[in-house]
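Trainee: I've got a model open and I'd like to learn how to read its sheets, helices and buried residues. Can we walk through it together?

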Amino acid sequence: MRYIKFPHLPSRKVTHVLIDKRAYNKTVYMLEDLKIEAIFCEKSKDVYNAISSHPDIFYFHYEDNIIFAAPNSPKKTTDELCKLGFNIMFGERNISKEYPGDIGYNLARIGNFVFHNFRFTDKIILKYIEKDNLRKVHVNQGYSKCSILIINERAIITSDKKIYKKALENNIDALLIVPGFIKLEGLNYGFIGGCGGLIDKDVLIFNGDISKHPDYSKIKEFLKKYKIECLCTEGFELSDIGSIIPLCQQ
């Protein structure tokens, strides 16, 4: 077992993922069939229900075995990550219910680029980003990871026009899709980045049926362009579960 060097970008078959405990059972069964162990993000009472067990709200996989966690991240989940050998580095601030108190750890690192609203990034994470000279790409969307589905180190899918524009400005290929059509309980809709994640360098899995999305044909062509195979739970509504985060690989 090896840790994934760059977050969300495995270079071979994944062995462990971090996932919302409310993911569809069928999604979890698919992972089990692929011999991928799911580490479940437990529910927290410190945030509103829709995102209360979203891993990308409480955790930011920085690189290798380093994960930044909110001090009030779910203890059982954090303990499970420690058992896998992850170095859990707690941030400065707790996650709280009121925006922007819930976005401090919701960064999207794409290779050496990091997308976030840096006015609200946890200060300890920000120090590491600046120390390591990662390229900060400021966007107004605080739920940056939720809004970005990472395809590879140079390609993303998003429904956020400003993220789309910033990606292209930084020579990152981007597909812009229509917002909505993704379930997020208690809210109008969720985000594409929160629906899935890579489980191999060329295999992407969705929590729900991506073919039901109105931009499916565009998404399919974009994935084909990068030779990405797509797995999904057919017949289920696409659902934002705070990303499927690959942690370890073969």
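Mentor: Sure, let's start with a helix: α6 (residues 161–169) lies across β10, β11 and β12 and runs at about 160° to β12. This is a predicted model, where local features need pLDDT of at least 70 and side-chain atom pairs count only at pLDDT 80 or more, while totals for chains, interfaces and linings use all residues. Residues are numbered from 1 along each chain as its sequence is written, and side-chain values use heavy atoms, with hydrogens and water left out.

Trainee: How do I read those labels and that angle?

Mentor: Helices (H or I, at least four residues) and strands (E, at least two) are DSSP runs, numbered from the N terminus. Axes are lines fitted to C-alpha atoms, for helices over the stretch in contact, and angles run from 0 to 180 degrees between N-to-C directions. Contact means heavy atoms within 4.5 Å. Helix α7 also lies across β10, β11 and β12, at about 165° to β12.

Trainee: What is the strand order in the sheet under those labels, and how is it paired?

Mentor: Two strands pair if DSSP finds at least two bridges between them. Here the order is β10-β11-β12, an open sheet of three strands with mixed pairing. β10 (148–152) and β12 (173–176) are the edge strands, each pairing on one side only. On average, neighbouring strands are turned by 20° against each other, direction ignored.

Trainee: How many bridges join β11 to β12?

Mentor: Four, and the two strands run parallel. To find one on screen, look at Ala155, whose bridge partner in β12 is Asp173.

Trainee: And the order β7-β8-β9, what does that form?

Mentor: An open sheet of three strands, with mixed pairing. Its edge strands are β7 (108–110) and β9 (135–138), each paired on one side only. Strand β8 (residues 113–116) runs parallel to β9, joined by four bridges. His116 has His138 as its bridge partner in β9.

Trainee: Is Ser144 buried or exposed?

Mentor: Buried means under 20% relative accessible area, exposed over 50%, and partly exposed in between (1.4 Å probe, protein chains only). Ser144 counts as buried because its relative accessibility is 0%. It sits in helix α5 (residues 144–147). Beyond its neighbours within four places in sequence, Ser144 has contacts including Phe115, His116 and Val139.

Trainee: Where does Asn207 lie?

Mentor: In the loop between β14 (203–206) and α7 (216–225). Asn207 is buried too, with a relative accessible area of 0%. Not counting residues up to four places away in sequence, Asn207 touches several residues, among them Tyr24, Cys195 and Glu237.
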